[in-house]
Amino acid sequence: MLHTASEGLLENYLIKTSFIKNQQNNALSAFQDFVAENRIATTDHERMAAWVRNEKYVNVYLFKDNLLLFATDGYKSATQSREYLFNTAINDQLIYNLEFSDTNARVYMEFFFEYKYYYIVTILNVAVSVLAFIVLILIFFNQKTSYISRLEQEIKILEGGNLDYPISIRGNDELSSLAASINEMRTSFIERLNSENNAKVANRELIAAMSHDLRTPLTALLGYLDIIKYEKYKTHEDLIKYIHNSRDKAYQIKQLSDKLFEYFTVFKTDEDDLELDAFNGNELIDQLIDEQLLILQNNGFQFHLDAFEQPFKIHVHLVSIRRVFDNIFSNIIKYGNKSVPINIRSNISGQHLSLTIENHVNTDIKKEIGTGIGIKTCARIIEKHHGHFSISQTKEIFTVQISLAIQDRLN
């Protein structure tokens, strides 16, 4: 745009003024003075060519009797053969009669003085454009470097602990995207800190409450056991009553400790993966189920067991897996129908062990509204074993399905 505008202005100036005409007259006078002072003959081609090279923006054509004697723009062969005739189409106003040292001749001169100024304008345009480009680049980099400095200061504020200080987001480029990411990280970190603080407060409250709840039945249990040990009861009926009360307090303590264990199993987020040990899977499953079946029999339940007899190898965390079975069968004892047998099935398909435990729900009792922590505990433990835990319930039937990966079958 600058080049087009400046060339237009220059061309307008050259057309509307006598600048070109004056330059032509000056060049013609200079050539006449050169010929007169140096007694140039029409045959002094080298000297005339040297003068033209010095002037730069002039071409000279020398004619005698309509024959071309000398030219400075590529007609050297034509002048040597003297076969190039005078072009009658040339404007006579540009033809000048000039006296040389050997004869008179006519001189036609071409002028290109405007090119000099076009070159100057072009160079100036390039210089201005480069300067403008550098200025714009410097302004752009200054904005970016100032924004980077701003981000650096704001990040230092965050490092100082003031996480509520927002990061400035300016523009729509990589830096603004980086600032937005830092802002999201800041808000996420604040939310995580708040969650951790809330969890710590809840843990302290839970521990305090559970400690109080455990202390009461434990104190009573110790009192009943002291009465039994030191035989402070009066009758055999009193002994039976103290044993019964001790049993109730022991179950109460177990129930409270189970809830505490379940809470930490579900809500503790910073625990490491379980350390798994290798077991004979067939023997392990039989042992875990046998432990529960004895308790079921003592509580008046019937069962039907369909076990998988082929030995296999499995990697589990024994305490956690035992906790899953305790939780499942304790719920069966609470809510199960004793008149219908409990179905326990095991099966191996490929590299997975599938356990299905199915019981009928006792519709005569009112089910307590629980927190669901027990089910979440089981699901979390099975997930840590890279398995799958699911439950399904109809109006009368409650089904638990457990899937665990096995290593290989044993011969």
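This section describes the overall make-up of a predicted model, followed by a helix contact, a buried strand residue and the aromatic pairs.

In the predicted model, the protein chain comprises 10 helices and 12 strands. Of its 411 residues, 30% count as buried, and the surface that the protein chain exposes amounts to about 26600 Å², of which 53% is supplied by carbon and sulfur atoms. When contacts between residues at least 6 apart in sequence are considered, 66% of them join residues at least 24 apart.

Helix H2, which spans residues 19-37, meets helix H5, which spans residues 113-159, with axes that come within 9 Å and cross at roughly 120 degrees. H2 is therefore oblique to H5, because the crossing angle lies outside the ranges that count as roughly parallel, roughly perpendicular (65 to 115 degrees) or roughly antiparallel (over 145 degrees). On the H2 side, the contact is made by Phe 19, Ile 20, Gln 23, Gln 24 and Ala 27, while H5 contributes Phe 113, Glu 114 and Tyr 117. Sorted by character, the residues of this contact between H2 and H5 comprise five that are nonpolar, two that are polar and one that is charged.

Asn 359 is located in strand E9, which covers residues 352-360. The relative accessibility of Asn 359 is 4%, so this residue counts as buried, the cut-off for burial being under 20%. Leaving aside residues up to four places away in sequence, Asn 359 touches Ile 332, Gly 336 and Ile 342, and also Glu 396, Ile 397 and Phe 398.

Aromatic side chains provide a further set of contacts, with seven aromatic pairs held in the structure. One of these pairs is formed by Phe 140 and Phe 141, whose ring centres are 5.8 Å apart and whose planes stand at 70 degrees to each other, an arrangement that is edge-to-face. Phe 140 counts as partly exposed because its relative accessibility is 42%, and Phe 141, with a relative accessibility of 46%, therefore also counts as partly exposed; both assignments follow from the interval between the limits of 20% for buried and 50% for exposed residues. Elsewhere in the sequence, Phe 31, Phe 34 and Trp 51 form one aromatic cluster.

How values were computed: Residues are numbered from 1 along each chain as its sequence is written. This is a predicted model: local features need pLDDT of at least 70, side-chain atom pairs count only at pLDDT 80 or more; totals for chains, interfaces and linings use all residues. Side-chain values use heavy atoms; hydrogens and water are left out. Axes are lines fitted to C-alpha atoms, for helices over the stretch in contact, and angles run from 0 to 180 degrees between N-to-C directions. Helices (H or I, at least four residues) and strands (E, at least two) are DSSP runs, numbered from the N terminus. Angles under 35 degrees count as roughly parallel, over 145 as roughly antiparallel, 65 to 115 as roughly perpendicular and the rest as oblique. Contact means heavy atoms within 4.5 Å. Ala, Val, Leu, Ile, Met, Phe, Trp, Tyr, Cys and Pro count as nonpolar, Asp, Glu, Lys and Arg as charged, and the others, Gly among them, as polar. Buried means under 20% relative accessible area, exposed over 50%, partly exposed in between (1.4 Å probe, protein chains only). Accessible areas come from the Shrake-Rupley method with a 1.4 Å probe; for residues, only the protein chains shown count as cover. Rings of Phe, Tyr and Trp (its six-membered ring) pair if their centres lie within 6.5 Å; planes under 30 degrees apart count as stacked, over 60 as edge-to-face and the rest as tilted.
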